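Here are my notes for anyone opening this one for the first time. Keep the viewer at hand and go through the points in order.

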Amino acid sequence: MEAMRLIVMSRRALAGSGGPPQIMAEVWQAQALAQAIGSRLAVSGPPELRGEALGLTELAGRGCGVLDRPDIDTEAMLAARLTELGDARQALTSLGSLLGEVSIALVGLASAAADEGTYWQCMEAIDAADESRDRVREMLRRLADRDEALPA
């Protein structure tokens, strides 16, 4: 399935999630999707994005690692459904928006956390999502620089 379609599905699922366990599951899904997109860009994306894409893969992986893995079967994992990137700029722009929404959801969870463990888990996941979003912005900047350098 194309990256854009999966990102839209992830954004809708995050927006429609109910309680903390469901929100955490959707945050994990979004981070795993960011990791998969970064990996795909690192391997087959535009050459000027490959280093940043590898960094995105690592950061998003850290974002998954700090969260408890939800009980999701392989068929339900959005990242496992990624088959093509489509337009890199469009996918990165939407992925950046998704990561921003992930951070906002995590801030809400952290402020309402009943225990210190959940609070710190959210804080570390916020950090990973923000750093991942920074990588996405850098990749978009590099694409813009590339387009400016192309002869008319």
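1. A word on terms before we start: contact, or touching, means heavy atoms within 4.5 Å. With that in hand, look at Arg-40, which touches Gly-45, Leu-82, Thr-83, Glu-84 and Leu-85 once residues up to four places away in sequence are set aside. Arg-40 sits in helix H2; helices here are DSSP runs of H or I with at least four residues, strands are E runs of at least two, and both are numbered from the N terminus. Arg-40 and Leu-82 are 42 residues apart along the chain, yet their C-alpha atoms are separated by 9.0 Å.

2. Some ground rules. This is a predicted model, in which local features need pLDDT of at least 70 and side-chain atom pairs count only at pLDDT 80 or more, while totals for chains, interfaces and linings use all residues. Residues are numbered from 1 along each chain as its sequence is written, and side-chain values use heavy atoms, with hydrogens and water left out.

3. Now the overall picture. The chain has five helices and zero strands, in the order α-α-α-α-α. Its radius of gyration (taken over C-alpha atoms) is 15 Å, close to the 15 Å from the globule rule for 152 residues, so the chain is as compact as a globular protein of that length. That rule is 2.2 Å times the number of residues to the power 0.38. The C-alpha trace spans about 55 × 30 × 20 Å along its principal axes. Among contacts with a separation of 6 or more, 80% join residues 24 or more positions apart.

4. How many of the residues count as buried? The figure is 45% of the 152, where buried means under 20% relative accessible area, exposed over 50%, and partly exposed in between (1.4 Å probe, protein chains only). By that scale Arg-40 is partly exposed, because its relative accessibility is 28%.

5. The largest nonpolar core has 46 residues, and those touching the most other members are Ile-37, Leu-41, Leu-95, Leu-98, Val-102, Leu-106 and Met-139. Helices H1 (3–16), H2 (20–44), H3 (50–65), H4 (88–111) and H5 (116–149) each supply at least two of its residues. A nonpolar core here is a set of buried Ala, Val, Leu, Ile, Met, Phe, Trp, Tyr and Cys residues joined through side-chain atoms within 4.5 Å. In soluble globular proteins, nonpolar side chains tend to be buried together.

6. Zoom in on two of those core residues. Beyond four places in sequence, Leu-41 touches eight-odd partners worth clicking through, including Pro-46, Ala-53, Leu-92 and Met-139. Val-102, in helix H4, is buried because its relative accessibility is 0%. Its contacts outside the four-place window are Leu-14, Val-27, Ala-30 and Ala-129.

7. Don't skip Ser-132 in helix H5. Is Ser-132 buried or exposed? It is buried, with a relative accessible area of 0%. Leaving aside neighbours within four places, Ser-132 is in contact with Gln-31, Leu-56, Leu-59, Ala-60 and Leu-99.

8. Last stop: Ala-113, in the loop between H4 and H5. Ala-113 is partly exposed, at 25% relative accessible area. Beyond four places in sequence, Ala-113 is in contact with Thr-118 and Tyr-119. The C-alpha atoms of Ala-113 and Pro-20 are separated by 8.7 Å, with their positions 93 residues apart along the chain.
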